[in-house]
Amino acid sequence: MPFLLRTSLSLVLLCIASLVMATAELDYTPSQAKTAIEVIKDLSTKHYRKQPLDDMLSRKLLYQLIDNLDPTKSYFLQADIDEFEQWEVRLDDMFKEGDLSAGFHIYNRYNQRAMARLQANISLLEGGFQFDLAKDEYLPLDVDSNQWSATNSDSDDDWRKRIKEAYLRLILNDKEPEAARELLIKRYTNLIKQLTQRDSEDVFQVVMNSLTSLYDPHTSYMSPRSMENFRIAMSLSLTGIGAVLQLEDEHTKIVRVVPGGPADKQGVLQAGDKIIAVGQGDEEKVDVIGWRLDDVVDLIRGPKDSIVRLELIPAKGESAGSSRDISLVRDKIQLEEQSAKAEIIDVKTKEGRYRIGVIEIPTFYLDVDAYYNRDPNFKSTTKDVLRLLGELEQENVNGIILDLRNNGGGFLQEATTLTDLFIDPGPIVQVRDSGQVISRNYRSRAEAYYRGPLVVLINRLSASASEIFAGAIQDYGRGLVVGSQSFGKGTVQVQLPVREGQLKLTESKFYRVSGNSTQHLGVVPDVTLPSYYNIDKVGESSEDNALPWDRIPAAPHRRYNLTLVSMQTLQERHEYRLQQDPDLVHLNDELVLMKERQKLKQLSLNEEKRRVEVKEYDGILLTLENKRRVAKAQPPYATIEELRAVDETEDGSKEKSEEEKSKPLSERDPLLYETGNIISDYMTLAKPPMQQAKQP
């Protein structure tokens, strides 16, 4: 960048900073000071992790607060960080006394820097600065490797590259140059508006959550306003798209698509997609990069049957520079939509043919009001699965797959009673509280209803109650666990009221009957399937300050050992099919491609190179798909556009086509069909072999 431009930008920044300095700074209230003291007392005495707020934690608190405010090192300068270090070993003593002045000072400095920077960005764009899209330069992708800028000039150059990348991404997605420029101006203007709307309650929540997150990822403070928003959301059943979202740096990321929700039924969202803009019906989309999560959620929610439009960076092609638009019809997620469902799949092996019953359990649900009112027709996971088991047995299935993929948990009671359908009386889970007292009250109390071959299918998003159920089935030797390592959420939280707001605090920990914790490690399957999820980025082990895995003494329990099948043999047969089955080969090729793209450390800011990269990536996707089609004796696609036309509906608001629904299970869900192969191997290799389905 020319010296004159760097100088002028720095002068603009300094002038704006001076103006911002004149604005009123936020400060904490006496009530918030007393709330902080109360929160610290509860954390010190009631949290499972006995962790004092001392000098060591004080250091972590300082850098956690800085990271929460500026995770991408975009706004603070190194001089700010040097100044803040005066509080490294003082924050603990200050917070214990209700003195939050340091935390609010750090926030006010962040606010000043951010306002000045965003105004400078707008000035750069409105001033007609021309980005050199032919220049060979790169933007680092690894946020963790970022360093604080030493000077305003360094920050100017860093932001020039960030703005250039955002501008180039818009150009690559067919935006006209002026339209791209205007969109970026709106983005930074909206971020300024958001900053001006924050008050001391918002800052206090950030400061307190910087502390609570040091105890574990599930301990958090909720301000009175956040509590009220949550209460309204729950009581009114506000409608949306049915997706779990989280912030990742400056983006809103899809963590999980809720089973039975609009996004799930319409089949247009995937975990890992990043939302960059939100629009209502035919209105212009609003850019949401850098927004707070609750503000993005508010935009996505809306009246039933209304349309929300999202612009996404797809998980499969994030760094290629492309985005895509989808439309979703908002709807409420009804309990019936998340109910357990059953189907039968026919699996043909070289040894014979098996009919396998599949029961999909999206969540562990219970109609609490009906249950406590002693309504005999109350709805629950266990009651529905019991009914489905009876129906499948009438169909003479040879074995059962319980599909718990993407099941994030739910009522622990239901995990217990569901296990009761498959094992005879005995303990199901152990719970150890913060006082180290172990409880074994969650037990199977009746004789098993179903005693036939059983497989539990899990993935990285199977969490909490799902892990308790899968772990119990595995520990008892009652069936196989197949899939990928589960989430690893093995802690229990309680809600504690404080002077202002509420503290959600981890008070106990789950342990399997084997004595192993489900925390951090999760459940490791007996037979491993390919996984879409990067274990380093998804799951408890990817979270900062997660409680560790450990073990306690095992609870006395039986071992069924229905068969003495070699797990190694099952895994070897599975791996052979991975190399032979076209759909499994294609799945594995996609996973390899995704992992390769995740290794990229920098992004080219040269337009020609980026267009070549996009074209090459599209070519790889087309080659992989045609490789699968040729292997299945199907005609290959001529172009990437032809492939996308098949994958996408005319508008994203439509549900999956009848053609898509009618595809064989091996194409619709190759991992589920492969699980059918595994349970068939399980029955074939048993001593003696279990009975196969009768040939028609």
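**Exercise 1. How many residues lie between S9 and S10 in their hairpin?**

Solution. The model is predicted. Work along the chain.

- Step 1. Find strand S9 at residues 341-349 and strand S10 at residues 352-360.
- Step 2. Check how they pair. The sense is antiparallel, over nine bridges.
- Step 3. Pick one facing pair. Glu343 stands opposite Val358 in S10.
- Step 4. Look at the connection. S9 and S10 form a hairpin with two residues between them.

**Exercise 2. Find the order of the strands in the open sheet and name its edge strands.**

Solution. Start from S9 and step across.

- Step 1. Six strands make up the open sheet, in the order S9-S10-S11-S14-S15-S18. The pairing is mixed.
- Step 2. Seek strands that pair on one side only. These are S9 and strand S18 (527-528), the edge strands.
- Step 3. Examine the S18 end. Strand S15 (residues 480-483) pairs with S18 in the parallel sense, over two bridges. Gly483 stands opposite Thr528 in S18.
- Step 4. Add the helix. Helix H16 (residues 465-475) packs on the sheet. H16 touches strand S11 (399-403), strand S14 (454-458) and S15. The direction of H16 makes about 140° with that of S14.

**Exercise 3. Describe the surroundings of Ser531.**

Solution. Go from the loop to the atoms.

- Step 1. Locate the residue. Ser531 is in the loop between S18 and helix H17 (567-580).
- Step 2. List its contacts, leaving out residues up to four places away in sequence. Ser531 touches Ser484 and Leu591.
- Step 3. Now turn to Tyr533. Its backbone nitrogen lies 3.1 Å from a polar atom of the Ser531 side chain.

**Exercise 4. Test the length of helix H23 against the expected span, then judge how enclosed H23 is.**

Solution. Use the rise per residue.

- Step 1. H23 covers residues 670-685, which is 16 residues.
- Step 2. Multiply 1.5 Å by one less than the number of residues. The expected span of H23 is 22 Å.
- Step 3. Compare. The end C-alpha atoms of H23 are 22 Å apart, which agrees.
- Step 4. Check burial. In H23, 14 of the 16 residues are buried, so the helix is largely enclosed by the rest of the structure.

**Exercise 5. Which residues of H15 are buried, and what covers them?**

Solution. Count, name, then look around.

- Step 1. Helix H15 (residues 412-420) has seven of its nine residues buried. Buried means under 20% relative accessible area.
- Step 2. The buried residues are Leu412, Glu414, Ala415, Thr416, Leu418, Thr419 and Asp420.
- Step 3. Their cover includes helix H14 (381-394), strand S12 (426-433), strand S13 (438-444), H16 and strand S17 (502-511).

Terms used:
Residues are numbered from 1 along each chain as its sequence is written. This is a predicted model: local features need pLDDT of at least 70, side-chain atom pairs count only at pLDDT 80 or more; totals for chains, interfaces and linings use all residues. Side-chain values use heavy atoms; hydrogens and water are left out. Two strands pair if DSSP finds at least two bridges between them. Helices (H or I, at least four residues) and strands (E, at least two) are DSSP runs, numbered from the N terminus. Contact means heavy atoms within 4.5 Å. Axes are lines fitted to C-alpha atoms, for helices over the stretch in contact, and angles run from 0 to 180 degrees between N-to-C directions. Buried means under 20% relative accessible area, exposed over 50%, partly exposed in between (1.4 Å probe, protein chains only). A polar contact is a pair of N or O atoms within 3.5 Å; within protein, one must be able to donate a hydrogen and the other to accept it, and residues adjacent in sequence count only if both atoms are side-chain atoms.
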